[in-house]
Amino acid sequence: MSENDLQKAIDLIINSKYTIAFTGAGISVESGIPPFRGENGLWSKYDPNVLDLNNFHVNPIEAWKVIKEIFYDFFGEAKPNDAHFVLAELEMKGIVKAVITQNIDNLHYEAGSKEVYEFHGNSRMLVCPYCSKKYHASEIDLVEIPLCDHCHAVLKPDFIFFGEGIPKIAYQKSFEAAKETDLMIIIGSTGEVVPASSIPSFAKQNGTKIIEINPEKTLFTNSITDIFLQGKATEVMNELLIGIKQKI
Ligand code: NAD
């Protein structure tokens, strides 16, 4: 990341009227949650079939064993990192208006962000697939397979499995924000997951500037990104915050 690009990014943020962030698994890597893909990704250890809806209904006991291990025992330990905290602070300062996240780990809320659109849902809640009653995962003993107390169906985590639709409200709010924004900060997303990856492209078509933060180039970098800040989310977000504080 060059000093020149960093300063340009700081100026864009300070002068923007409606900055939003778009985050992917990469922002939570430094909280100890690996992405799904890649060399050390979760799918190198687990079978992605565990998030196949049909498989879940046919083999709920087997599926829950793995889901509990990944999304509750393991994700449950994770705490927000500086990148999550900087976004929350920038929202408090009125600079960031919303965070659109593909993540299901709840870490933006835990860091204090208020306007968060969870495009893929959230693992902290469980939902009954039949009556839609929701439960806080923390109130359910996941040693047993969780059942709805109303209709006794097997509960499902309230994030989307492969082939499921995007939650309506999050979808609507994400695209509304992408229409409104004049500056989008993409943090830690490959751009390979659809339809989420169409949000930055949609914003770009509406004339927004794009700052991207990632240690690696992505599908966004050479197509829609204006300023690529190569580096880890916590390092770059801390640098941005220091620069913003010096100028406002
Ligand atoms: P992804 O599209 O979310 O990409 C991960 C990106 O993070 C990669 O581009 C990688 O270079 C980047 N990255 C790695 N370390 C980083 C760091 N320290 N700082 C910034 N960026 C970093 O890929 P995926 O994991 O295949 O995700 C598939 C879908 O599943 C996405 O919607 C994702 O959000 C979701 N997912 C969520 C979580 C979570 O809730 N924490 C974890 C895994 C996957």
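Why does the ligand lie between domain 1 and domain 2?

**View 1. The ligand between domain 1 and domain 2 of a predicted model.** Residues of the shell around the ligand come from both domain 1 (1–31 + 81–120 + 167–248) and domain 2 (34–77 + 123–159), so the ligand lies between them.

**View 2. The two domains of the protein.** The protein is divided into domain 1, which is made up of 1–31 + 81–120 + 167–248, and domain 2, which is made up of 34–77 + 123–159. Taken over C-alpha atoms, the centres of the two domains are separated by 28 Å. To the contact between them, domain 1 gives 9 residues and domain 2 gives 7 residues.

**View 3. The shell of residues around the ligand.** The ligand, which sits in the largest pocket, is surrounded by 26 residues, and the closest of these are F36, R37, D105, T190 and N214. When the residues of this shell are divided by character, 11 are nonpolar, 10 are polar and 5 are charged.

**View 4. Oxygen atoms of the ligand and polar atoms of A25, H120 and N214.** A polar backbone atom of A25 lies 2.9 Å from an oxygen atom of the ligand, while in the side chain of H120 an N or O atom is 3.1 Å from an oxygen atom of the ligand. For N214, a polar side-chain atom is found 2.7 Å from an oxygen atom of the ligand. The ligand taken alone exposes 830 Å², and 91% of that is buried by the protein.

Technical notes:
Residues numbered from 1 in each chain as written. Predicted model: local features only at pLDDT ≥ 70, side-chain atom pairs only at ≥ 80, totals over all residues. Heavy atoms only, no water. Near = heavy atom within 4 Å. Polar contact = N/O pair within 3.5 Å; in protein donor to acceptor, adjacent residues only side chain to side chain. Areas by Shrake-Rupley, 256 points an atom, 1.4 Å probe, with all protein chains shown as cover. 1 Å grid on protein atoms, 1.4 Å probe; cavity = no way out; pocket = protein on both sides within 12 Å on 5 of 7 lines; lining within 4 Å. Sits in = over half its atoms within 2 Å of the grid points. Nonpolar A, V, L, I, M, F, W, Y, C, P; charged D, E, K, R; others polar. Domains from an automatic or database assignment. Contact = heavy atoms within 4.5 Å.
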